Structures are given as C-alpha cells and as structure tokens.
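Visitor: I should like a close look at a single part of this protein, taken one residue at a time and then set in its surroundings. Please begin once the model is in view.

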Amino acid sequence: MKISKENAEHYIWGGVCDGWHLVKGQELSVIHERMPGQTAEVRHYHERSRQFFFVLSGQAVLEVEGVRHIIGSLEGVEVPPGVSHQMRNEGAEAVEFLVISQPTTRGDRINEE
C-alpha cells in the first residue's frame, strides 16, 4: 500500500509538533515529523535504536553529545545508540524531516531533562 502524510497514522507530540508513521515496525520505524518555529524535543538517548534525521524542508539544529549540527534541506545526521541528542527548530518557519530508527524507539527512550 502506498503511504503518505495524508493516509499515515498521525500523532501530536510536545503539544504542537506533528508526526506521521510511514513505517511502524518492530525492526524499522520511519516517521515524518513537523516542528513549528521555536520548538524543541526533550534531550534524550536510546539504549538500542540507531537513528537518522533527514531534513526535508527548513532548517533544524540537532545537538548530539553537546555538538550542534545545523541541518538544512536534504541533509541528515546519524545518531548511534546510547548517544544523547535533541532536535530543535530555532527559526521562525516550520521544519519537516524524517526520523528513521532501527530498531523502533518504542520503549527505548531515556529522557535526560
């Protein structure tokens, strides 16, 4: 079945951010996310999951172990398991990106804040 934002399972996180499950399996998760301007997720890490953040539009800041990575459209950053990270949108415009996780992050997130 073809999947898109229009027919994917949708959820809201952080009160104002959107997520769409494009692939929702135990071994692989692909989520399309949208963060409005001036929003951030909670700093955290995953014990087992390796993640890849890929910006589709806009600009995001991904802080990984205290190092800031500015990610523009069609750029990405990989985060290994056990590594603290936080995605932020410090700009005024929304940013849309993919989060690819292997295995899924469900039940694997440890918040640091």
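In which strand is glutamate 33 found, and what surrounds this residue?

Guide: The model before us is a predicted one. Glutamate 33 is found in strand β3, which covers residues 29–35. Because its relative accessibility is 9%, below the 20% cut-off, glutamate 33 counts as buried.

Apart from neighbours within four places in sequence, glutamate 33 is in contact with Tyr11, Trp13, Asp18, Gly19, Trp20, Val95, Glu96, Phe97 and Val99. With one of these, tyrosine 11, the glutamate 33 side chain makes a polar contact of 3.3 Å. Glutamine 86, for its part, is 53 residues from glutamate 33 in sequence, and their C-alpha atoms are 14 Å apart in space.

Glutamate 33 also belongs to the account of the largest pocket, which holds about 380 Å³ of space. Twenty residues line this pocket, and those closest to its centre are Tyr11, Trp13, Glu33, Glu41 and Arg109. Strand β3 gives three residues, the largest share of the lining. At least two lining residues come from each of β1 (9–13), β3, β5 (44–46), β6 and β11.

Serine 29 also has its place in strand β3. Its relative accessibility is 2%, so serine 29 counts as buried. Leaving out residues up to four places away in sequence, serine 29 touches Val23, Val99, Ile100, Ser101 and Thr104.

Phenylalanine 97, a contact of glutamate 33, leads on to the nonpolar interior. Beyond four places in sequence, phenylalanine 97 is in contact with Ile31, His32, Glu33, Met35, Phe53, Phe54, Val55, Leu56 and Met87. The largest nonpolar core has 16 residues, and Met35, Phe53, Leu62, Met87 and Phe97 touch the most other members. Two or more residues of this core are given by each of β6, β7 (60–64), β9 and β11. In soluble globular proteins, nonpolar side chains tend to be buried together.

Strand pairing links several of these elements. Strand β6 (residues 50–57) pairs with strand β11 (residues 95–102) in the antiparallel sense, over seven bridges; here phenylalanine 54 stands opposite leucine 98. Strand β6 also runs antiparallel to strand β9 (residues 76–79), to which four bridges join it, and phenylalanine 53 stands opposite valine 77 in β9.

To return to the starting point, glutamate 33 is a buried residue of strand β3, and is among the lining residues closest to the centre of the largest pocket.

How values were computed: Residues numbered from 1 in each chain as written. Predicted model: local features only at pLDDT ≥ 70, side-chain atom pairs only at ≥ 80, totals over all residues. Heavy atoms only, no water. Buried < 20%, exposed > 50% of the residue type's maximum accessible area, 1.4 Å probe, protein only. Contact = heavy atoms within 4.5 Å. Polar contact = N/O pair within 3.5 Å; in protein donor to acceptor, adjacent residues only side chain to side chain. Pairing = 2+ DSSP bridges. Core = buried A, V, L, I, M, F, W, Y, C linked by side-chain atoms within 4.5 Å. 1 Å grid on protein atoms, 1.4 Å probe; cavity = no way out; pocket = protein on both sides within 12 Å on 5 of 7 lines; lining within 4 Å. Points joined across faces, edges and corners; volume = space filled by probe spheres on them.
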